[in-house]
Amino acid sequence: MFILVRNRVRTAALALSAVTALAFGATGAAAAPAPAPAKQGPTSVAYIEVNSNSLLNVGKYTLADGGGNAFDVAVIFAANINYDTSTKAAYLHFNENVQRVLDNAATEIRPLQQQGIKVVLSVLGNHQGAGFANFTSQQAASAFAKEMSDAVATYGLDGIDFDDEYAEYGNNGTAQPNDSSFVHLVTALRANMPDKIISLYNIGPAASRLSYGGVDISSKFDYAWNPYYGTWQVPGIALPKSRLSPAAVEIGRTSQSTVANLARRTVSEEYGVYLTYNLDGTDRSADVSAFTRELYGSDAVYTP
């Protein structure tokens with residue numbers, strides 16, 4: 001089967017660091033969501049490239065039968081783990097498009113949450129040598145975990161997604177991946193936000209380093225998913241089927257027949273999550289319906 005891997009278009013790093021953003025960009029806690037119409041079936045996830053598309057697109061699709069949300073989780077793609085060469089430390093960075101979404105949470109994030117959709121921030125490597133798998137001390141890992149949990153609290157988000165791509169470990173004299181780093185990082189993050197979502201895009205050195213010193217962090221994740229679009233691949237993490245997405249599709253590029261087949265397999269094999277990527281601003285109701293018919297027994301309706 002042809003594998004569609006993400007084609008990321010990133011804007012140059014012009015935005016403030018997370019420290020500045022947290023100091024000046026606070027937007028308050030999330031409003032209590034209104035109950036979404038009842039829907040039975042797997043959790044559906046939509047990654048949104050906010051460099052080129054609106055996060056609000058996620059809320060424009062509902063089920064023709066019952067009116068429930070077509071999507072349950074919206075992922076802001078993506079913040080970055082950057083590296084400060086003067087302090088030799090990783091830090092959380094938002095480019096100008098991510099920063100805009102966060103600063104305008106009242107109009108970009110709250111409407112989704114009030115609709116019953118969770119909003120999660122993905123964190124991604126940025127070619128600078130900093131990554132989730134090469135913290136050299138528990139203290140350094142905990143410091144970065146605090147930056148992430150502070151961002152969740154400041155902007156009223158529902159969690160963090162880990163995507164260990166593009167770190168380019170070793171750049172700027174950084175360390176290579178080690179076995180303790182990601183375990184310390186996720187342990188600290190879960191302690192900081194016990195009731196928020198932590199998800200794993202199952203790729204990169206971090207994804208294969210989930211255990212260290214007798215501690216296995218698998219159970220600290222709410223979800224894990226296949227990172228290769230147009231394919232079926234069960235994530236190699238000890239989570240129940242209800243929290244895994246072996247299916248992954250790119251909306252508009254994965255054929256509707258493949259989208260439907262992967263959704264059908266998700267149901268028949270009793271997995272609880274279905275991952276999609278790159279929902280844009282056009283009417284994609286045919287692509288979305290290809291999986292909602294299989295997951296929920298209903299077409300999807302697009303409302304501009």
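Here is a friendly exchange about a predicted model of a protein chain.

Reader: Before we start, what pLDDT do local features need here?
Author: Happy to set the ground rules: residues are numbered from 1 along each chain as its sequence is written, and side-chain values use heavy atoms, with hydrogens and water left out. This is a predicted model in which totals for chains, interfaces and linings use all residues, side-chain atom pairs count only at pLDDT 80 or more, and local features need pLDDT of at least 70.

Reader: How many helices and strands does the protein have?
Author: Helices (H or I, at least four residues) and strands (E, at least two) are DSSP runs, numbered from the N terminus. On that basis, the secondary structure comes to nine helices and 15 strands.

Reader: What percentage of the 304 residues is buried?
Author: Let me fix the classes: buried means under 20% relative accessible area, exposed over 50%, and partly exposed in between, using a 1.4 Å probe and protein chains only. Of the 304 residues, the buried ones make up 55%.

Reader: What share of the contacts with a separation of 6 or more comes from residues 24 or more positions apart?
Author: A contact here means heavy atoms within 4.5 Å. Among contacts with a separation of 6 or more, residues 24 or more positions apart account for 79%.

Reader: Which helix gives the largest share of the largest nonpolar core?
Author: A nonpolar core is a set of buried Ala, Val, Leu, Ile, Met, Phe, Trp, Tyr and Cys residues joined through side-chain atoms within 4.5 Å. The largest one has 78 residues, and those with the most contacts inside it include Phe71, Ile76 and Phe144. Its largest share is seven residues, and they come from helix 5 (residues 138–155).

Reader: How many residues are in the other core, the one with Tyr47 and Tyr223?
Author: That core lies apart from the largest one, and Val73 and Ala78 are also among its members. Its size is 18 residues.

Reader: How many bridges join strand 5 to strand 6?
Author: Two strands pair if DSSP finds at least two bridges between them. Strand 5 (residues 118–125) has seven of its eight residues buried, and it pairs with strand 3 (residues 73–84) in the parallel sense over seven bridges, with Val120 as the bridge partner of Val75. Strand 6 (residues 159–163) also runs parallel to strand 5, and there Asp161 is the partner of Ser122. The number of bridges joining strand 5 to strand 6 is five.

Reader: Which residue of strand 14 stands opposite Ala248?
Author: In a regular strand the side chains alternate between the two faces of the sheet. Strand 13 (residues 247–250) is covered on both faces, with Ala247 and Val249 buried on one side and Ala248 and Glu250 on the other. It pairs with strand 11 (residues 231–232) in the antiparallel sense over two bridges, and with strand 14 (residues 273–277) in the parallel sense over three. Opposite Ala248 stands Thr231 on the strand 11 side, and in strand 14 the residue is Leu275.

Reader: What is the angle between the planes of Tyr47 and Trp225?
Author: Rings of Phe, Tyr and Trp (its six-membered ring) pair if their centres lie within 6.5 Å; planes under 30 degrees apart count as stacked, over 60 as edge-to-face and the rest as tilted. This rule gives 17 aromatic pairs, and the edge-to-face pair of Tyr47 and Trp225 has its centres 6.2 Å apart. It links strand 1 (residues 43–49) to strand 10 (residues 223–225), 178 residues apart, and the angle between the planes is 85°.

Reader: Why do Tyr47 and Trp225 count as buried?
Author: Both fall in the buried class because the relative accessible area is 0% for Tyr47 and 1% for Trp225.

Reader: How far from the ring centre of Tyr271 is the charged end of Lys241?
Author: A charge sits over a ring if NZ of Lys or CZ of Arg is within 6 Å of the ring centre and within 35 degrees of the ring normal. The charged end of Lys241 sits over the Tyr271 ring, and its distance from the centre is 5.0 Å.

Reader: Where in space is Asp299 relative to Asp65, C-alpha to C-alpha?
Author: Asp299 is in the loop between helix 9 (285–296) and strand 15 (300–302), and it counts as partly exposed because its relative accessibility is 36%. Leaving aside neighbours within four places in sequence, its contacts include Thr62, Leu63 and Ala64. Asp65 is 234 residues away in sequence, yet the C-alpha separation is 7.5 Å.
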